Amino acid sequence: LNQSASVVKNAKHIITADTGLMHIASAFQRPITVLWGNTVPELGMYPYLTETSYQSLEVKGLNCRPCSKIGYQKCPKGHFKCMLDQDVSLIKI
């Protein structure tokens, strides 16, 4: 965890899912792009420090989201569209 935090601290931009690294990046005030998969920001999942510059990307219109607050080892519906259908061309660095 300390090594991951060190990498994040020295990064210019972090691209992450809703994970602890998102919060570590926020603590170091690094710009963040969050790819929302099984969780949604409406559940209160967002970077720890909200004044941190961050971009939220998610696949809209999936009626299976959120499927879990903490996630599953695999998609319960079997399609994993919340991540596979992400439009990564929208990532702004």
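**A walk through a predicted protein model**

Let's start at Val-7, a residue that sits in helix 1, which spans residues 2–10. Keep in mind as you look around that this is a predicted model. Is Val-7 buried or exposed? Its relative accessible area is 59%, and a residue counts as exposed when that value is over 50%, so Val-7 is exposed. From here we can also look across to Ala-25: the two residues are 18 places apart in sequence, and their C-alpha atoms lie 9.7 Å apart in space.

Gln-3 is another resident of helix 1. With a relative accessible area of 69%, Gln-3 is exposed too. Pick Ser-53 as a partner, 50 residues away along the chain, and you will find 23 Å between the two C-alpha atoms.

Now step back to see the whole chain. The protein contains 3 helices and 3 strands. Reading from the N terminus, their order is α-β-α-β-β-α. Along the principal axes, the C-alpha atoms fill a box of roughly 35 × 25 × 20 Å. What radius of gyration would a compact globule with 93 residues have? The expected value is near 12 Å, and the protein has 13 Å, which agrees.

Next, the inside. Of the 93 residues, 34% count as buried. In soluble globular proteins, nonpolar side chains tend to be buried together. Here, the largest nonpolar core has 11 residues, including Ala-5, Val-8, Ile-14, Met-22, Ala-25, Val-34 and Trp-36. Helix 1, helix 2 (20–27) and strand 2 (32–36) are the elements that give two or more residues to this core. So Ala-25, which we met as a partner of Val-7, turns out to be a member of this core.

Trp-36 deserves a visit of its own. Which residues does Trp-36 touch, leaving out those up to four places away in sequence? Among them are Asp-18, Met-22, Pro-41, Met-45, Tyr-46, Arg-65, Cys-82 and Gln-86. Two of these contacts, Met-22 and Met-45, also belong to the largest nonpolar core. Across the protein, if you take contacts between residues at least 6 apart in sequence, 35% of them join residues at least 24 apart.

Finally, let's return to the outside. The accessible surface comes to about 6,300 Å², and 54% of it belongs to carbon and sulfur atoms. As for charge, the protein carries 10 positive and 6 negative side chains. The centres of these two sets are 5 Å apart.

Conventions
Residues numbered from 1 in each chain as written. Predicted model: local features only at pLDDT ≥ 70, side-chain atom pairs only at ≥ 80, totals over all residues. Heavy atoms only, no water. Helix = DSSP H or I, 4+ residues; strand = E, 2+ residues; numbered from the N terminus. Rg over C-alpha atoms; globule rule 2.2 N^0.38 Å. Buried < 20%, exposed > 50% of the residue type's maximum accessible area, 1.4 Å probe, protein only. Contact = heavy atoms within 4.5 Å. Areas by Shrake-Rupley, 256 points an atom, 1.4 Å probe, with all protein chains shown as cover. Lys, Arg positive; Asp, Glu negative; His and termini not counted. Charge placed at Lys NZ, Arg CZ, Asp CG, Glu CD. Core = buried A, V, L, I, M, F, W, Y, C linked by side-chain atoms within 4.5 Å.
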